[in-house]
Amino acid sequence: MPLKPYLVAEVMTPNPVIIGSEALLAEAERLMEECNVRRLPVMEDGRLVGIISKGDLREARMAELAARHPYEPVTEESWLTVAEAMTSPVITVTPQTPLAKAAQLMLTHKIDGLPVLEADQLVGILTDTDIIRLLVRETRENENGNPVC
């Protein structure tokens, strides 16, 4: 049984956890762990300016380690900022974007999250987890004939 034509608004996570562009990478990492998320929209003066993911953090750490002098002591503290490691510009969708179109964007660009903007305001984020959650729910409903919470 095919899925109904969902809109991003029906599946997205509203009010995503955000971070500022001048925050240190250690703060972004801490926030991701505390909030159990894999990416953070990056905001500056109320505008979306980028997105940073756990993968971006790993790449920045590796680049930082590679740039060090071989005899320099290794410390856990990084002084790199989110702005130095984030992805920008960001591919975004609106709440009214068809879910299939958003999923196609994610596949085409090999990304696992899309900030959702309405009138240039961040209102949510659509992630691969949101889409998988919907598929699991729909599959269970179709198998049982009853909605599953």
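Biologist: How many bridges join strand 3 (residues 39-44) to strand 4?

Modeller: Keep in mind that this is a predicted model. In it, strand 3 and strand 4 run antiparallel, and Pro41 has Ile51 in strand 4 as its bridge partner. Counting the bridges that join strand 3 to strand 4 gives six.

Biologist: Which strands stand at the edges of the open sheet with the order 2-3-4?

Modeller: That sheet has three strands with mixed pairing. An edge strand has a single partner strand, so one side of it is left without a neighbour in the sheet. That applies to strand 2 (19-20) and strand 4 (47-53).

Biologist: What angle does the direction of helix 1 (residues 25-35) make with that of strand 3?

Modeller: Helix 1 packs on this sheet, where it touches strand 2, strand 3 and strand 4. Compared with the direction of strand 3, the direction of helix 1 makes an angle of about 130°.

Biologist: How wide an arc do the buried residues of helix 1 cover around the axis?

Modeller: The buried residues here are Leu25, Ala28, Leu31 and Met32. They sit on the same side of helix 1, because the arc they cover around the axis is only 120°.

Biologist: And which exposed residues does the face turned away from that buried side carry?

Modeller: Exposed means a relative accessible area over 50%. On the face of helix 1 turned away from its buried side, the residues that count as exposed are Glu33 and Glu34.

Biologist: Is Ala26 buried, partly exposed or exposed?

Modeller: Ala26 is found in helix 1, and its C-alpha atom is separated by 8.9 Å from that of Leu57, 31 residues apart along the chain. Its relative accessible area is 26%. Buried would need under 20% and exposed over 50%, so Ala26 is partly exposed.

Biologist: What follows helix 1, and is that residue buried or exposed?

Modeller: Helix 1 is followed by Asn36, found in the loop between helix 1 and strand 3. Its phi is near 55°, a positive value in a residue other than glycine. With a relative accessible area of 70%, and the cut-off at over 50%, Asn36 is exposed.

Biologist: On to the other sheet. Which strands stand at its edges?

Modeller: This is an open sheet of three strands in the order 1-6-5, with antiparallel pairing. The edge strands each have a single partner strand, so one side of each is left without a neighbour in the sheet. They are strand 1 (13-14) and strand 5 (113-118).

Biologist: Which residue in strand 6 does Pro14 stand opposite?

Modeller: Strand 1 and strand 6 (residues 121-127) pair in the antiparallel sense over two bridges. Thr13 has Ile125 as its bridge partner in strand 6, while Pro14 stands opposite Gly124.

Biologist: How many residues of strand 6 are buried?

Modeller: Besides strand 1, strand 6 also pairs with strand 5, through six bridges in the antiparallel sense, and Gly113 stands opposite Thr127 there. Strand 6 is largely enclosed by the rest of the structure, because its buried residues number five of the seven.

Biologist: Which residue in the turn of the hairpin of strand 5 and strand 6 has a positive phi?

Modeller: The hairpin has two residues between its strands. The residue you want has a phi near 50° and is not a glycine. It is exposed, with a relative accessible area of 72%; its name is Ala119.

Biologist: Which residues does the cis peptide bond join?

Modeller: Look at the loop between helix 3 (82-85) and helix 4 (99-109), where Pro89 is found. Omega is about 0° for the bond, and the residues joined by it are Ser88 and Pro89.

Biologist: Where in the chain is confidence lowest?

Modeller: The chain has a mean pLDDT of 88, with 83% of its residues at 70 or more. Among its five helices and six strands, strand 2 has the highest confidence, at 98. The lowest, at a mean of 77, belongs to helix 2 (residues 54-67).

Methods: Residues numbered from 1 in each chain as written. Predicted model: local features only at pLDDT ≥ 70, side-chain atom pairs only at ≥ 80, totals over all residues. Heavy atoms only, no water. Pairing = 2+ DSSP bridges. Helix = DSSP H or I, 4+ residues; strand = E, 2+ residues; numbered from the N terminus. Contact = heavy atoms within 4.5 Å. Axes fitted to C-alpha atoms, helices over the stretch in contact; angles between N-to-C directions. Buried < 20%, exposed > 50% of the residue type's maximum accessible area, 1.4 Å probe, protein only. Arc of directions from axis to C-beta. pLDDT = per-residue confidence, 0-100.
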